[in-house]
Amino acid sequence: MKVFGSSGTRGVANEELTPGFVQRVAKAAGSVWRADRVAVARDTRTTGRMLENAAASGLQSVGANVDRLGVVPTPAAQAYGEAEAVPVVMVTASHNPAEYNGVKLVGSDGVELAVADLERIERKFTTEQFDDASWDEVGGDVRVESAKRRYVDQLLDAVDRETIAAADLTVALDPGHGAGSLTSPEFYRKLGCSVVTVNGQPDGHFPGRDPEPVRENLSDLGRLVRATDADVGIAHDGDADRAIFYDERGEYVEGDATLAALAEAELGEGDTTVSAVNVSQRLVDVCDRTGADLDLTPIGSTQIMTRIQELQAEGESVPVAGEGNGGIIFPNYRLTRDGAYTGARFLELLADRPASEVVAPYDDYANVRINVHYEDDAQREALLDAAEQTALGADADRTTIDGYRLDYGDSWVLVRPSGTEPVVRIYAEAGSEERADELASEFATALRAAKAGL
Ligand code: MG
């Protein structure tokens with residue numbers, strides 16, 4: 001397997017992602033970092049402890065002392081890394097199913113490593129030129145219990161506690177048996193909310209639902225909102241860096257609508273926001289209304305994080321960024337996705353309006369998605385040629401950093417090959433189903449004709 005994909009290293013634990021593999025990643029990272037101390041943390045997965053041990057032993061073998069944080073959300077591990085100025089190895093597969101695990105690497109500034117740093121570590125991994133320590137210089141390890149408390153305290157200091165407490169909210173929370181089970185209930189309670197939970201015990205078997213916070217996994221949360229008359233529902237993924245919402249009627253809120261609502265509250269003239277090339281028209285419209293610029297990256301949170309840092313280095317103001325999957329970044333707070341923080345920022349919007357009204361302006365969009373399969377490289381090539389020809393012939397703004405995206409002002413279409421399956425995906429979004437269908441169909445027709453003509 002490739003060491004670092006678009007969002008870190010993931011695989012089925014003990015098959016693709018073995019302790020040996022994780023140990024080697026840790027040795028490579030430790031050799032590149034040359035840090036005296038490194039923190040190691042994990043989410044709730046059954047294989048987390050085993051892989052945390054592998055990561056710790058790899059780091060110790062190259063001379064690093066290890067702070068073992070135990071089970072904490074990824075943003076909590078990042079906060080610890082930043083406060084202590086130590087890099088972090090986070091053992092998590094984020095939203096993937098229970099059998100998966102993975103590794104995220106975080107620098108001593110608390111920020112996920114950028115693409116260039118990952119490539120340096122990947123080279124070290126491949127060449128196995130590790131800085132193995134002699135017997136009397138291997139690292140030790142200590143258990144650190146304070147990371148969760150420090151994380152919650154930092155969150156409490158960063159949000160508008162008075163506004164949220166005054167709103168007297170009931171929050172229905174679904175941490176999905178993940179690491180957020182250990183921090184989010186306490187955080188929202190300390191904000192003055194009444195908290196009710198479902199899937200609230202940490203459990204690496206994920207008995208209540210899969211870790212991915214998507215509509216089909218979250219029906220229990222909708223029911224909990226209705227049964228308890230809650231003001232809002234909040235769901236996290238396995239490592240709690242994402243937040244997805246339900247409104248006070250128990251209706252699922254599209255992640256793109258939440259991103260647009262939070263962005264509109266944050267963006268002004270001259271600001272820039274960063275999202276991936278599959279960004280929703282909702283955020284495009286927000287940028288038009290607020291006078292902010294929209295900067296698009298290839299798909300993947302690492303790409304977005306790297307681009308934010310580039311823009312900040314150029315002096316741009318980037319107050320909010322992220323994707324419609326609930327992974328939102330508020331760079332003026334911290335350069336990380338944080339599900340608990342994102343949830344609290346949404347609570348701030350509920351001070352004078354119910355959740356359904358907050359997201360209503362971002363409700364009316366239709367999405368169409370068509371997959372065109374290919375059998376071999378020749379077919380793939382033909383499909384991508386047809387996509388290019390169709391894109392070049394269109395009267396629209398073109399973005400070609402990851403497939404072909406055409407923006408028509410009030411609608412868009414994106415054509416790109418899947419990274420994991422033999423299909424070319426066509427996505428379209430518009431104010432009406434008919435228009436979205438028309439945009440997607442034009443490409444689908446051209447691609448199918450090219451395949452048939454081979
Ligand atoms: Mg995650």
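# Exercises on a predicted model

Five bridges connect strand 11 with strand 12 (residues 293-297), and the two strands run parallel. The structure used in these exercises is a predicted model.

## Exercise 1. Strand 11 and its partner

Task: Determine which residues of strand 11 point one way and which the other way, and how the chain crosses from strand 11 to strand 12.

Solution.

Step 1. Strand 11 covers residues 272-276, and five of its five residues are buried.

Step 2. In a regular strand, side chains alternate between the two faces of the sheet.

Step 3. Thr 272, Val 274 and Ala 276 point one way from strand 11, while Thr 273 and Ser 275 point the other way.

Step 4. Across the pairing, Thr 273 stands opposite Leu 294 of strand 12.

Step 5. From strand 11 the chain passes through helix 10 (residues 281-290) to reach strand 12, a β-α-β crossover that is right-handed.

## Exercise 2. The magnesium ion

Task: Name the protein donors of the magnesium ion and give their spacing in sequence.

Solution.

Step 1. The donors are OG of Ser 94 and an OD atom from each of Asp 237, Asp 239 and Asp 241. They lie 2.0 to 2.2 Å from the ion.

Step 2. Written as a pattern, the spacing of the donor residues is S-x142-D-x1-D-x1-D.

Step 3. Buried means under 20% relative accessible area. Asp 237, at 0%, therefore counts as buried. Asp 241 is also buried, with a value of 2%.

## Exercise 3. One face of helix 8

Task: Explain why the buried residues of helix 8 line one face, and find what covers them.

Solution.

Step 1. The buried residues in helix 8 are Leu 221, Gly 222, Leu 224 and Val 225.

Step 2. Viewed down the helix axis, these residues fall within an arc of 160°, so they line one face of helix 8.

Step 3. The cover over them includes strand 7 (170-174), strand 8, strand 9 (232-235) and strand 10 (244-246).

Step 4. After helix 8 comes Asp 229, which has a positive phi near 55°.

## Exercise 4. Positive phi in two loops

Task: Place Arg 34 and Phe 206 in their loops, and decide whether each is buried or exposed.

Solution.

Step 1. Arg 34 is not a glycine, yet its phi is positive, at about 50°. Phe 206, another residue other than glycine, has a positive phi near 45°.

Step 2. Arg 34 sits in the loop between helix 1 (19-33) and strand 2 (37-42). The loop holding Phe 206 runs between strand 8 (194-197) and helix 8 (219-228).

Step 3. Exposed means over 50% relative accessible area. With 64%, Arg 34 is therefore exposed. Phe 206 has 5% and is therefore buried.

## Exercise 5. Cysteines and a buried threonine

Task: State how many disulfides the whole structure has, and which residues Thr 258 contacts beyond its neighbours within four places in sequence.

Solution.

Step 1. A disulfide is a covalent bond between the sulfur atoms of two cysteines.

Step 2. Searching the whole structure gives zero disulfides.

Step 3. Cys 193 is buried at 6% relative accessible area, and Cys 287 is buried at 4%.

Step 4. Thr 258 belongs to helix 9 (residues 255-266). Its relative accessible area is 2%, so Thr 258 is buried.

Step 5. With neighbours within four places in sequence left aside, Thr 258 is in contact with Phe 245, Val 253 and Phe 346.

How values were computed:
Residues are numbered from 1 along each chain as its sequence is written. This is a predicted model: local features need pLDDT of at least 70, side-chain atom pairs count only at pLDDT 80 or more; totals for chains, interfaces and linings use all residues. Side-chain values use heavy atoms; hydrogens and water are left out. Donors are N, O and S atoms within 2.8 Å of the metal (3.2 Å for Na, K and Ca); water is not among the atoms, so sites may look incomplete. Buried means under 20% relative accessible area, exposed over 50%, partly exposed in between (1.4 Å probe, protein chains only). A disulfide is a pair of cysteine sulfur atoms within 2.5 Å. Helices (H or I, at least four residues) and strands (E, at least two) are DSSP runs, numbered from the N terminus. The arc is that of the directions from the helix axis to the C-beta atoms. Contact means heavy atoms within 4.5 Å. Two strands pair if DSSP finds at least two bridges between them. A crossover is right-handed if, with the strands pointing away from the viewer, the path from the first strand over the helix to the second runs clockwise.
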